Amino acid sequence: MQKQKFEKIVSIILGASILSFGLFNVHHQSGITEGGGLGLELLLDHWFHISPAYTSAVCDTAMYLTGAIVFGKGFIGTSFISTACFSLTYKLWEWMGPVLPDLSSMPWLASIVGALFVGIGCGLVVRQGGACGGDDALAMVLAKKTKQPIGRCYLFSDVVILVLSFSYIPFAKVCWSLVSVTLSSWILGRVADSAKHNTSDQMENAAE
């Protein structure tokens with residue numbers, strides 16, 4: 001039990017760190033935005049110069065409370081760890097400065113690389129029953145209530161914010177952002193669902 005709890009925490013910390021690294025080093029530098037709560041944080045960062053290190057905690061409170069109502073009190077504890085880790089590591093990347101090349105001139109590459117970071121990072125957290133942001137909690141609640149794949153629920157919330165992103169991002173970049181969120185939603189779904197398959201395999205092995 002202790003080993004499982006340790007592995008769960010490590011997975012959450014790793015996922016949140018991968019997510020914040022990708023958002024700062026790829027999305028923030030190239031202008032490729034995410035949708036949902038993550039995209040909203042980048043939107044606020046652009047227009048009001050408020051770092052996602054702060055807005056991630058403030059904007060997500062309502063969605064976390066909704067998640068707690070649907071999934072129980074354990075959801076809050078798990079999400080607190082992931083959110084705190086996201087905020088701390090994002091601030092760390094800001095302090096260090098960009099460590100990846102600026103991909104602004106290659107938006108197609110930025111959309112793919114960014115999607116990998118977001119999809120894998122969020123997926124690692126979601127598969128442990130936690131959320132790095134309000135969009136995670138919202139997508140999890142929507143998936144629970146509508147019985148739709150979580151990747152599809154992520155894509156829905158992403159598209160809404162991308163429409164708002166037309167206010168500061170050129171049309172071409174928003175299109176690349178759409179590519180990014182579509183790919184990241186698919187990757188997230190694969191990573192998150194892999195936990196179910198692993199659990200099923202363990203149960204089958206135990207039965208044998």
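**View 1. Ile120 is partly exposed in this predicted model, with a relative accessible area of 35%.** Helix α6 is where to find Ile120. Since the partly exposed class runs between under 20% (buried) and over 50% (exposed), Ile120 falls into it because its value is 35%. Ile120 also belongs to a nonpolar patch on the surface, which is the subject of the next view.

**View 2. Seven names make up a nonpolar patch on the surface: Met106, Trp108, Ile112, Leu116, Ile120, Trp176 and Val179.** Together these residues have about 570 Å² of accessible area. Which helix gives the most to the nonpolar patch? That is α6, with four residues. Both α6 (107-126) and α9 (171-207) supply at least two residues each.

**View 3. Thr78 sits in helix α5, which covers residues 74-96.** Is Thr78 buried or exposed? Thr78 counts as buried, because its relative accessibility is 9% and the cut-off for buried is under 20%. If you set aside the neighbours within four places in sequence, you will find Thr78 in contact with Lys8, Ile12, Gln128, Gly129 and Gly130.

**View 4. Leu23 is a buried residue of helix α1.** This helix spans residues 2-30. Leu23 has a relative accessibility of 2%, and therefore counts as buried. For a sense of distance, look across to Leu124: Leu23 and Leu124 are 101 residues apart in sequence, and from C-alpha to C-alpha they are 16 Å apart in space.

Terms used:
Residues numbered from 1 in each chain as written. Predicted model: local features only at pLDDT ≥ 70, side-chain atom pairs only at ≥ 80, totals over all residues. Heavy atoms only, no water. Patch = residues over 30% accessible without salt bridge, like charges linked within 9 Å, V, L, I, M, F, W, Y side chains within 5 Å. Areas by Shrake-Rupley, 256 points an atom, 1.4 Å probe, with all protein chains shown as cover. Salt bridge = Lys/Arg side-chain N within 4 Å of Asp/Glu carboxyl O. Buried < 20%, exposed > 50% of the residue type's maximum accessible area, 1.4 Å probe, protein only. Contact = heavy atoms within 4.5 Å.
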